[in-house]
Amino acid sequence: MTTSSLVIRSMRNCELTACSLTFVPLLSLEWMMNSLLDIVRDNGSPPPLAHLAFKFLYIITKVRGYKLFLPLFPHEVGDLQPVLDMLVDQNPKDSETWETRYMLLLWLSMICLIPFDLARFDGNIISEEGHARMPTMDRILKIAKCYLVVSDKARDAAAVLVSKFIVRPDVRQKRMADFLDWTLSMLSKSSFQTMEGTVVMNGMLQALAQLFKHGKREDCLPYAATVLECLDNCKLSQSNQMVLRKLGMKLVQRLGLTFVKPKVAKWRYQRGCRSLAANLQAQGSVVQNQIITVPANEADDEEEYDIPAEIENVVEQLLVGLKDKDTIVRWSAAKGIGRISGRLPKELADDVIGSLLDCFSFQETDNAWHGGCLALAELGRRGLLLPSRISDVVPVILKALTYDEKRGACSVGSNVRDAACYVCWAFARAYDPAELIPFINQISSALVIAAIFDRDVNCRRAASGTFPHGIEILTAADYFAVGNRVNCYLTISVYIAGFPEYTQPMIDHLVNMKINHWDSVIRELSTKALHNLTPRAPEYMANVVLPRLLPLSVGTDLHTRHGAILACAEITHALCKLAEENNRYKCKIILTINFPFMSGLLKKVRKLIAFLLLTISGGWQWLINDSLRSLSLVSSAARQHIKESAVSALAALCNEYYINEKGEADPALQDELVTQYVSELRNTEEMIRCGFSRALGALPRFLLKGRLQQVLEGLKKVTLISPADVSFAESRRDALIAIAKVCQTVGVKGEGSEEEYVCKDNITQIYATLFTAVTDYTTDSRGDVGGWVREAAMTSLMEVTLLLVQNEAELINANICKQIMCWLAQQSAEKIDKFRAHAGSVFLTLLHFDHPPVPHIPHREELERIFPRSEKETLNWNAASEAFPRITQLLGLPTYQYYVLLGLSVSVGGLTETTLRYSAQSLFDYMKKIQNDSSAMESFCETLLKVFEDNLRNDRVSVPLLTMLDQMLANGCFDIFTMQENHPFSVKLFTLCKEEIKRSKDIRKLRSSIGVFCGLIQFQGDMREKVLFQLFLLLCHPFPVIRKTTASQVYEMLITYSDVVDPAIMDEVMAILRAGAVGSCSP
């Protein structure tokens, strides 16, 4: 195997190698690294193979981290010169070999740790030519400086090299000051506003940060003030580069650590022994956590030293960094606050905490809150936040746990809440439980609320920590359970509310924070949660929550009003259900909620209660009617939901208030309501028709009794198409839905009155309305809006038919059943997947319904063979590849042939590639089966001509039908008739085509007809002369595109049927047609 092939093959396995390295033990990594370095060390290895070895080394480093990998590098004295030579040979601008340079620099950083003076490696520095050779120290420093200003990954490795190399005793004495001068000079000369300046500043900042991290304090301290001053002059906080700001923050905190002595603060809080092993060693006794405190005299004896003035500058920059717009910068600043505070005296550290708490003002942004939480967690985790400060910090954390600030159409604050959960976790680990006892109820309630009611899943999971009843709660609200928001709101919340200490805080949080949330989903979930929580605290809900909600329901804020109204409804509903379960009088609850001052007079004022309920019901009726009349003012996204809510409310209102003890409606009220709703069906606003159509469909039976015919007539008029309302497809759809609902509500009684039941006197009218709607193919700017009407008509046909079958099947005669199945078969063969799938589903539902079976279905046995019951649920009608091979088999059934062919003509001649391909292939497969059956062919052609004749000048059908005929003629589907002179099929087809394009200016129709005329040339007799004459007319058509298309297709026709033209003039004719196909024939 050649080297190049080895390289290519190995490159393909890089991803697999990276995935598997995560689980490789350290010893195996060392073996792998040594094997790869052996390839590098081998002078006979070609450069591509060496680069590949370094690429694999980089993958290992990337997966396991360079800090773990660095000590495994060999660092013998003999490796120094070869590695230096390899680095010198590298091209820093070669983008293909950056992994090699990166790994060589890391390797060199490890070799630099050898405990020998580098001057020993220089020997005689005078070269053979007499010129001085560069010392090894300067060579390494030159390489480091070279790669600190590159833009690839080698820059990071160069910074690591600097941190290892400059701190060597021999290098520190000779080169550290010069190197720092160089870096500060480069920083001063560079600008973060240019790409080149950003690259240079990145390298310098990395080098300085690494140097002040790994260098000794006494070595770095003399230069710290100068570096800090230069860093201040760079004004990195104004840079848009997040990496520069992060590096600046790292360098600032490391400079701060240099200014103060590296010692652990004796004043810090220490929880004491928390070792499980130590606790288990205690024999039968409980080992109490010992809180280690420092006596006052010991604190006084602490060595005093002056804190440099630069520390104030450092802390100020870190506090500003807590407010940075990028999380990684805030996190770096927070860690810096924690590290530096641990080296400060108690009083100064407390001042830092005081300044930190200023970040939690509501004038600050979410960035400041997030950075402040991270810093508090760091301080608490390190024991630097003393118990005396907990009382100041806990209120801030409680606010942070619910922090949510509106920004435009959304909100910010999820990162703040997540960080607040981290603070709680840090406090739980850092402090003795006794210190947190005064605050445990507040913190635990806030964490439980965040765990189940927070909008973001990350915050819910972060909050599911430790609190009272933690084991029981975490069993129900574990990491995976809180991942589902609906489950949290509606299920887990009910379980947790079973613990009394959490019930009221949860309810208060929903009322105060969630029902006015900007996200409507949260508002709705919150109100449903209140409904579920009501049984846990019914008295609190009735006496406290509802009185608070009622003023909010008429407030000025839209979100608050929406949430409050929903909450009132849900809580009232829950209280009513609770009252029914406890056999309490519901009106008492209603009056207690709304009119507390009247609750004591309940038994004495029955008439007043009746009047009150009548007043309430009247107000509700007005609200429902007003909502239905205002649908046109609502956005289309919310319109359907509002309509359905109003209709459901109407049904509930009627069943509750409009029925008397005899189960009947008040005649005057019934007349007023039904007449009003039917009159609204004639409104000129489409949405008003929609709303009141659905409202009529929701009326209970006692209101429809005696008014059925009036309602059906009103709905029927809505379904009819007139010039004024041709685009009112939605109102026609809702009227059809309402007709089915009305029929289901009143029931079936064959000999009953047409004013009360679906009976033999009105069933024909109902079906006629539905059949008319199946032929609605209205289109407008929204597309095929008639499809909504057809879909609703098919659903209503199914519902009404099944209703009759289950009650009085004799009302369905053979003609009605035939029309139903034929119309459904046509829709099942059409081009739009959604409507085809719906029609197919309804078709199979009626075919396979057996409780009892639908009577009079034509060709039931053949249909059950084509559509087996076992495939009712699995057949995918949306997929053209599955639907059309089945539906075309219905062409062999005389009853369905016309309708299926009508639907297929639209699909085969359509524009959708997938539908066209599978529908055409299925049709051609059927034609091949009947090619030798003259009677079947005659029947098919007769039906085809009938479809054409019935839809003459109907562009929806005729244009794709012409396209389908063109394809069928081209595929030889009518070869059986071509040998007969003047066959009736060809004559009739020619006549219909000629009539269809007469005076037409439709380009698509004319181009489709050209193909049909050219296909008819294959028929014998006078047909050829007529066809040629018609084609000559099209060659002289006013439209150039028609002339050009005709010339092109006639040219192809003459090549295929060469006997049409006299051979003596064939060449001349073809030449003329070629010219016409290229350009255009003159008229």
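Is Q210 buried or exposed? In this predicted model, Q210 has a relative accessibility of 15% and therefore counts as buried, the cut-off for that class being under 20%. The residue belongs to helix α11. Beyond its neighbours within four places in sequence, Q210 makes contact with Y66, A159, V160, S163 and R254.

Q210 also takes part in the lining of a pocket, the second largest, where Y66, K67, V160, Q206 and Q210 are the closest to the centre among 26 lining residues. The volume of this second largest pocket is about 580 Å³. Several helices contribute to its wall: at least two lining residues come from each of α5 (66-69), α7 (98-111), α9 (154-165), α11 (195-214) and α13 (242-259). In terms of residue class, the lining of the second largest pocket comprises 12 nonpolar, nine charged and five polar residues. Two of the contact partners of Q210, Y66 and V160, are likewise listed among the residues closest to the pocket centre.

A further part of the model concerns the packing of two helices. Helix α52, spanning residues 1023-1035, packs against helix α53, spanning residues 1040-1056, at an angle of about 145°, and the two axes lie 8 Å apart. On the α52 side, the contact is made by L1028, L1031, L1034 and L1035, which meet I1042, R1043, T1046, A1047, V1050 and M1053 of α53. Classified by type, the contact of α52 with α53 contains eight nonpolar residues, together with one polar and one charged residue.

Terms used
Residues are numbered from 1 along each chain as its sequence is written. This is a predicted model: local features need pLDDT of at least 70, side-chain atom pairs count only at pLDDT 80 or more; totals for chains, interfaces and linings use all residues. Side-chain values use heavy atoms; hydrogens and water are left out. On a 1 Å grid over the protein atoms alone, a cavity is a set of points where a 1.4 Å probe fits but cannot get out, and a pocket is an open set with protein on both sides within 12 Å along at least five of seven lines; lining residues have an atom within 4 Å of a point. Grid points are joined across faces, edges and corners, and a volume is the space filled by probe spheres set on the points. Helices (H or I, at least four residues) and strands (E, at least two) are DSSP runs, numbered from the N terminus. Ala, Val, Leu, Ile, Met, Phe, Trp, Tyr, Cys and Pro count as nonpolar, Asp, Glu, Lys and Arg as charged, and the others, Gly among them, as polar. Axes are lines fitted to C-alpha atoms, for helices over the stretch in contact, and angles run from 0 to 180 degrees between N-to-C directions. Contact means heavy atoms within 4.5 Å. Buried means under 20% relative accessible area, exposed over 50%, partly exposed in between (1.4 Å probe, protein chains only).
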